[in-house]
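Please find below a colleague's note on the structure under review. The points are numbered for ease of reference.

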Amino acid sequence: MATAHLIHGYIGAGKTTFASRLELSEFAVRFTSDDWLAVAWYGTEAAAQPDVPTVHARVEAVMLPVWTRCLTLGVDVVLDLGFWSRAGRDAARATVARCGATSRLYDVRCDAEIAWRRVERRNHEHGPTLRMTRDTFDVLRARFEPLESDENHILVET
């Protein structure tokens with residue numbers, strides 16, 4: 001039975017670093033929304049788009065039939081999608097179950113200032129990475145929903 005590894009966490013928490021390690025240790029296919037945003041669709045200006053949630057929703061809609069097909073074929077996946085909302089996590093778990101697979105949720109976290117320093121460092125890297133201002137980082141925090149007590153998960157502190 002295939003497993004979908006759901007990676008939950010805020011910007012700069014270390015989700016993609018963790019997901020990259022997990023894909024190798026679990027022999028899974030990794031789906032990272034920021035990679036698809038930065039490389040294929042919007043370049044480094046994705047974070048400057050007027051409606052970031054809509055942009056992310058478009059990318060995740062394109063990824064959905066690919067990762068669900070993997071699960072249906074018995075291939076594990078790592079979903080590095082943030083899963084900021086409870087509704088999104090519930091929907092993903094239901095989709096995974098419909099594919100005949102199991103899900104495992106990881107809560108990747110670190111101190112907010114460490115996360116911001118990581119974002120600042122990425123802002124100065126060359127190549128396809130999303131640029132973000134401190135204001136955007138802080139504003140988006142209000143949209144982030146921590147896991148609830150009934151959501152079984154594995155804590156990953158970075």
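The points that follow pass from the overall fold to the core, the salt bridges and selected residues.

1. Model and overall fold. The coordinates are those of a predicted model. The protein chain contains six helices and five strands, and these elements succeed one another along the sequence in the pattern β-α-β-α-α-β-α-β-α-α-β. Of the contacts between residues at least 6 apart in sequence, 76% connect residues at least 24 apart.

2. Burial and surface. The protein chain has 158 residues, of which 42% are buried. Its exposed area is about 8,500 Å², and carbon and sulfur atoms account for 54% of that area.

3. The largest nonpolar core. This core comprises 22 residues, and those touching the most other members are Ala-4, Leu-6, Phe-31, Trp-67, Leu-71, Val-77 and Leu-79. At least two core residues come from each of β1 (3-8), α3, β3 and α4. The largest contribution is that of α3, which provides six residues.

4. Leu-71 within the core. Which residues does Leu-71 touch, not counting those up to four places away in sequence? They are Ala-2, Thr-3, Ala-4, Val-77, Val-96, Cys-99 and Ala-101. Of these, Ala-4 and Val-77 are also listed with Leu-71 among the core members that touch the most others. Val-96 is a buried residue of α4.

5. A nonpolar patch at the surface. Val-29, Leu-73 and Val-75 form a nonpolar surface patch of about 230 Å². Leu-73 is located in the loop between α3 (52-72) and β3 (77-82). Its relative accessibility is 56%, and Leu-73 is therefore classed as exposed, the cut-off being over 50%.

6. Geometry of helix α4. Helix α4 covers residues 86-98, and a rise of 1.5 Å a residue gives an expected span of 18 Å for its 13 residues. The C-alpha atoms at the two ends are 18 Å apart, so the model agrees with the expectation. The buried residues of α4 include Arg-86, Arg-89, Ala-92, Thr-95 and Val-96. Just after the helix, Gly-100 adopts a positive phi of about 80 degrees.

7. Salt bridges within α4. The structure holds 12 salt bridges. One of them joins the side chains of Arg-86 and Asp-90, with an N to O distance of 2.9 Å. A second joins Arg-93 to Asp-90, where the closest N and O atoms are 2.6 Å apart. Why are these partners placed about one helical turn from each other? Arg-86 and Asp-90 are separated by about one helical turn because they are four residues apart in α4; Arg-93 and Asp-90 are separated by about one turn because they are three residues apart in that helix. In general, an α-helix has 3.6 residues a turn, so residues three or four places apart point the same way.

8. Accessibility of these partners. Arg-86 has a relative accessible area of 17% and is therefore buried, as the cut-off is under 20%. Arg-93, at 22%, is partly exposed, and Asp-90, at 34%, is also partly exposed.

9. A further salt bridge and the network. The side chains of Asp-107 and Arg-109 form a salt bridge with an N to O distance of 2.4 Å. Asp-107 is buried at 4% relative accessibility, whereas Arg-109 is partly exposed at 38%. Through salt bridges with shared partners, one network connects Arg-86, Arg-89, Asp-90, Arg-93, Glu-148, Asp-150 and Glu-151.

10. Ser-33. Is Ser-33 buried or exposed? Ser-33, a residue of helix α2 (residues 33-41), is buried, with a relative accessible area of 4%. Neighbours within four places in sequence being left aside, Ser-33 contacts His-56, Val-59, Glu-60, Met-63, Asp-80 and Leu-81.

11. Ile-11. This residue occupies the loop between β1 and α1 (15-25) and is buried, at 11% relative accessible area. Beyond its neighbours within four places in sequence, Ile-11 is in contact with Trp-84, Ala-115, Val-119, Arg-122, Met-132, Phe-137 and Leu-140. The C-alpha atoms of Ile-11 and Arg-141 are separated by 8.5 Å, although the two residues are 130 residues apart along the chain.

Notes. Residues are numbered from 1 along each chain as its sequence is written. This is a predicted model: local features need pLDDT of at least 70, side-chain atom pairs count only at pLDDT 80 or more; totals for chains, interfaces and linings use all residues. Side-chain values use heavy atoms; hydrogens and water are left out. The expected span of a helix is 1.5 Å times one less than its number of residues. Buried means under 20% relative accessible area, exposed over 50%, partly exposed in between (1.4 Å probe, protein chains only). Patches are made of residues with over 30% relative accessible area and no salt bridge: like charges are joined within 9 Å, nonpolar side chains (Val, Leu, Ile, Met, Phe, Trp, Tyr) within 5 Å. Accessible areas come from the Shrake-Rupley method with a 1.4 Å probe; for residues, only the protein chains shown count as cover. A salt bridge is a side-chain nitrogen of Lys or Arg within 4 Å of a carboxyl oxygen of Asp or Glu. Contact means heavy atoms within 4.5 Å. A nonpolar core is a set of buried Ala, Val, Leu, Ile, Met, Phe, Trp, Tyr and Cys residues joined through side-chain atoms within 4.5 Å.
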